[in-house]
Amino acid sequence: MKTVEVVHNPDQQRFVLAWQGQQAILDYHLFPATTTAAASVDFHHTYLPPELRGQGLAEPLVQFGLRWAAQQNLQIVASCWYVAKIISADTKTAAAHLFHHDQG
């Protein structure tokens with residue numbers, strides 16, 4: 001895995017990884033706690049420009065977002081297929097936080 005810097009932009013509900021003049025993004029939506037549900041985050045979109053694909057950059061971007069969500073004690077919803085794939089590979093994260101949303 002590459003050593004990369006990921007920046008969290010909470011106002012945009014986005015994590016950004018800059019690499020070789022391009023930006024990879026992980027978008028999310030926060031859902032506040034209610035009387036019937038815990039606070040949660042839905043990671044709904046991961047995007048890497050074509051020039052960055054296949055370089056091992058998406059995984060550290062997603063892992064950064066997942067660590068942030070765990071630190072915030074958020075339930076995780078993965079409507080993005082790639083985020084769901086990463087979570088499935090990390091059974092510790094899956095067992096602790098995941099609400100997988102199948103897009104079938």
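Is Ala 18 buried or exposed, given its relative accessibility? The views below take up this residue and several others in a predicted model.

**Figure 1. Overall arrangement of the protein chain in the predicted model.** The chain contains 3 helices and 6 strands, which succeed one another along the sequence in the pattern β-β-β-β-α-β-α-α-β. Of its 104 residues, 38% are buried. Among contacts with a separation of 6 or more, 44% join residues that lie 24 or more positions apart.

**Figure 2. Close-up of Ala 18 in strand E2.** Ala 18 has a relative accessibility of 51% and therefore counts as exposed, the threshold for that class being over 50%. Along the chain, 39 residues separate Ala 18 from Leu 57, yet the C-alpha atoms of the two are 9.7 Å apart.

**Figure 3. Close-up of Gln 20, in the loop between strands E2 and E3.** This loop joins E2, residues 14-19, to E3, residues 22-31. Gln 20 adopts a positive phi of about 50 degrees, although it is not a glycine. As background to this view, most residues other than glycine have a negative phi. The relative accessibility of Gln 20 is 61%, so the residue counts as exposed. Glu 51 also belongs in this view: its C-alpha atom is 9.0 Å from that of Gln 20, with their positions 31 residues apart in sequence. Glu 51 is situated in the loop between E4 and H1 and, at 49% relative accessibility, is classed as partly exposed.

**Figure 4. Close-up of Asn 73, in the loop between helix H1 and strand E5.** The flanking elements are H1, residues 58-71, and E5, residues 75-78. Phi of Asn 73 is near 60 degrees, a positive value for a residue other than glycine. With a relative accessible area of 61%, Asn 73 is exposed.

**Figure 5. Close-up of the contact between helices H1 and H2.** The axes of H1 and H2, the latter spanning residues 81-89, come within 10 Å and cross at roughly 75 degrees. The two helices are therefore roughly perpendicular to each other, since angles of 65 to 115 degrees fall in that class. On the H1 side the contact is formed by Ala 58, Glu 59, Val 62, Gln 63 and Leu 66, and on the H2 side by Tyr 82, Val 83, Ile 86 and Ile 87. These residues comprise 7 nonpolar, 1 polar and 1 charged. Glu 59, located in H1, has a relative accessibility of 31% and so counts as partly exposed. The C-alpha atoms of Glu 59 and Tyr 82 are 8.7 Å apart, while the two residues are 23 positions apart in sequence.

**Figure 6. Close-up of the largest nonpolar core and of Phe 15 within it.** This core has 26 residues, and those with the most contacts inside it are Phe 15, Val 41, Phe 43, Leu 66, Trp 68 and Val 83. The elements giving two or more residues to the core are E2, E3, E4 (40-47), H1, E5 and H2. H1 provides the largest share, namely 6 residues. Leu 66 and Val 83, listed above for the core, also take part in the contact between H1 and H2. When neighbours within four places in sequence are set aside, the contacts of Phe 15 include Val 6, Val 7, His 8, Ala 24, Ile 25, Leu 26 and Tyr 28. Further contacts of Phe 15 are with Phe 43, Leu 61, Phe 64, Gly 65 and Trp 68.

**Figure 7. Close-up of Asp 27 in strand E3.** Asp 27 has a relative accessibility of 8% and therefore counts as buried, a class that requires under 20%. The side chains of Asp 27 and Arg 14 are joined by a polar contact of 2.6 Å. Beyond residues up to four places away in sequence, Asp 27 touches Gln 13, Arg 14, Asp 42, Phe 43, His 44 and His 45.

**Figure 8. Close-up of Ser 79, in the loop between E5 and H2.** At 14% relative accessibility, Ser 79 counts as buried. The side chain of Ser 79 makes a polar contact of 2.8 Å with the side chain of Asp 42. Asp 42 is also among the residues touched by Asp 27.

Terms used. Residues are numbered from 1 along each chain as its sequence is written. This is a predicted model: local features need pLDDT of at least 70, side-chain atom pairs count only at pLDDT 80 or more; totals for chains, interfaces and linings use all residues. Side-chain values use heavy atoms; hydrogens and water are left out. Helices (H or I, at least four residues) and strands (E, at least two) are DSSP runs, numbered from the N terminus. Buried means under 20% relative accessible area, exposed over 50%, partly exposed in between (1.4 Å probe, protein chains only). Axes are lines fitted to C-alpha atoms, for helices over the stretch in contact, and angles run from 0 to 180 degrees between N-to-C directions. Angles under 35 degrees count as roughly parallel, over 145 as roughly antiparallel, 65 to 115 as roughly perpendicular and the rest as oblique. Contact means heavy atoms within 4.5 Å. Ala, Val, Leu, Ile, Met, Phe, Trp, Tyr, Cys and Pro count as nonpolar, Asp, Glu, Lys and Arg as charged, and the others, Gly among them, as polar. A nonpolar core is a set of buried Ala, Val, Leu, Ile, Met, Phe, Trp, Tyr and Cys residues joined through side-chain atoms within 4.5 Å. A polar contact is a pair of N or O atoms within 3.5 Å; within protein, one must be able to donate a hydrogen and the other to accept it, and residues adjacent in sequence count only if both atoms are side-chain atoms.
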